[in-house]
Amino acid sequence: MAEMTLGSRIFVAGHNGLVGGAITRNLRAAGYDNLIERSRAELDLTRQVEVEAFFESERPEFVFLAAAKVGGIHANDTRRAEFIYQNMMIAANVVEAAWRSGANKLLFLGSSCIYPRMASQPIFESALLTGELEPTNEPYAIAKIAGLKLCENYRRQYGFDAISLMPTNLYGPGDNFDLESSHVIPALMRKAHNAKLSNAPAMGVWGTGAPRREFLHVDDLADASVFLMQKYSEDATINVGVGHDVTIRELVELVREVVGYEGALEFDTSKPDGTPRKMLDIGRLQALGWKPKIALRDGLADTYRWFLDNQDSLRAAE
Ligand code: GDP
């Protein structure tokens, strides 16, 4: 197995996104200085011909596949065709081209929504494909399951060193703060911020507040990704999380504290709750010697600082 060294040619697919951005920061801080970057305008990963030509000419040795079409519960539920098509194409094109061009290793990033909606908690990696998926994000989950199966089977048939990680719900600097398409943390942060500025008596929260979610800071995910790229080479996917979760109601209380908004909460139960709970078992990752470092309250404060600094140039919704 070839080792990733500071001079290795590394392609971070999706380096402008939340996850790819964090992996790029982590690698640079550790001294990796041979990173290959392509914006979406330069390289459309859903186009096989473009992806093949890029891998043939650049020949990256290590590939972090962090590019994906992502969004919160509403975007997943309403833009279903885009989520399944784009994510399947990106995974298939990049895994095939990386293997064909002779890359040493590829790391694929999935999501905890690949597990059955009613999986027993905490969710072990072995729960994969044992039950029905959560309907609001089934198209995205199916594409991510296809991605991890690509990795597993390219390893089995070709001996290609492809590994897959399944992170829990992510948040952090660089997130999408668009209220329609974002995940819950940036949405609640922006709503609390707007309510505070306008002295609004209440802020809106989707659903009942009862669902439980586990949240991982994206810098912790980046750290785990680089760690696993160096240490892990098996076909079984590996969960990345923090090992505990909170209700959406508890989350919104924390967000309000960080933002400094003291008004009331209005729960809009016409909006979906999604899956009741999805907390990952992280025993396998811990046994390898990695654990998360950023507590939720600190991570929220860090994310809010980023939001305040970048309000004028926030990433537009796609
Ligand atoms: P999920 O983990 O795939 O369900 O994705 P989200 O991060 O979008 O939503 C997590 C939970 O937060 C769901 O139960 C949502 O109903 C709830 N939620 C509460 N308020 C909001 C909001 O303003 N935006 C989003 N996206 N979710 C919210």
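In the predicted model, Arg-59 counts as partly exposed, with a relative accessibility of 41%. The residue lies in the loop between α2 and β3 (62–65). Although Arg-59 is not a glycine, its phi is positive, at about 45°. A positive phi also occurs at Asn-199, again in a residue other than glycine, with a value near 55°. Asn-199 is found in the loop between α6 and β7. Its relative accessibility of 68% is over the 50% cut-off, so Asn-199 counts as exposed. A further backbone feature is the cis peptide bond that joins Gln-121 and Pro-122, where omega is about -5°. Pro-122 is placed in the loop between β4 (105–109) and α5 (138–158).

The two elements that flank the loop of Asn-199 also take part in the ligand site. α6 (184–197) and β7 (202–206) each supply at least two residues of the shell around the ligand. The largest contribution comes from α6, which gives four residues. The shell comprises 18 residues, of which Ile-73, Lys-191, Arg-213, Pro-272 and Asp-273 come nearest to the ligand. By residue class, the shell divides into nine nonpolar, five polar and four charged residues.

Polar contacts to the ligand involve both side chains and backbone. In the side chain of Arg-213, an N or O atom is 2.8 Å from an oxygen atom of the ligand. Asn-169 places a polar side-chain atom 2.9 Å from a ligand oxygen atom. At Pro-272 the contact is made by the backbone, with an N or O atom 2.7 Å from an oxygen atom of the ligand. On its own, the ligand has 540 Å² of accessible area, and the protein covers 98% of that area.

Aromatic contacts were examined next. The structure holds ten aromatic pairs. In one of these, Phe-11 and Phe-54, the ring centres are 4.6 Å apart and the planes meet at 55°; this angle is neither under 30 degrees nor over 60, so the pair is tilted. The pair links distant parts of the chain, since Phe-11 belongs to strand β1 (residues 10–13) and Phe-54 to helix α2 (residues 48–58), 43 residues apart. Both members fall under the 20% limit for burial: Phe-11 is buried, with a relative accessible area of 1%, and Phe-54 counts as buried at 6% relative accessibility. The loop that holds Arg-59 runs between α2, the helix of Phe-54, and β3.

Phe-177, Tyr-304, Trp-306 and Phe-307 form one aromatic cluster. A ring also takes part in a contact with a charged residue: Lys-69 lies over the face of Phe-83, at 5.6 Å from the ring centre.

Within the protein, a polar contact of 3.2 Å joins the side chains of Asn-26 and Asp-223. Asn-26 lies in helix α1 (residues 18–30). The relative accessible area of Asn-26 is 19%; the limit for burial is under 20%, so the residue is classed as buried. Asn-199, by contrast, counts as exposed at 68% relative accessibility, and Arg-59 counts as partly exposed at 41%.

Methods:
Residues are numbered from 1 along each chain as its sequence is written. This is a predicted model: local features need pLDDT of at least 70, side-chain atom pairs count only at pLDDT 80 or more; totals for chains, interfaces and linings use all residues. Side-chain values use heavy atoms; hydrogens and water are left out. A residue is near a molecule or strand if one of its heavy atoms lies within 4 Å of it. A polar contact is a pair of N or O atoms within 3.5 Å; within protein, one must be able to donate a hydrogen and the other to accept it, and residues adjacent in sequence count only if both atoms are side-chain atoms. Accessible areas come from the Shrake-Rupley method with a 1.4 Å probe; for residues, only the protein chains shown count as cover. Ala, Val, Leu, Ile, Met, Phe, Trp, Tyr, Cys and Pro count as nonpolar, Asp, Glu, Lys and Arg as charged, and the others, Gly among them, as polar. Rings of Phe, Tyr and Trp (its six-membered ring) pair if their centres lie within 6.5 Å; planes under 30 degrees apart count as stacked, over 60 as edge-to-face and the rest as tilted. Buried means under 20% relative accessible area, exposed over 50%, partly exposed in between (1.4 Å probe, protein chains only). A charge sits over a ring if NZ of Lys or CZ of Arg is within 6 Å of the ring centre and within 35 degrees of the ring normal.
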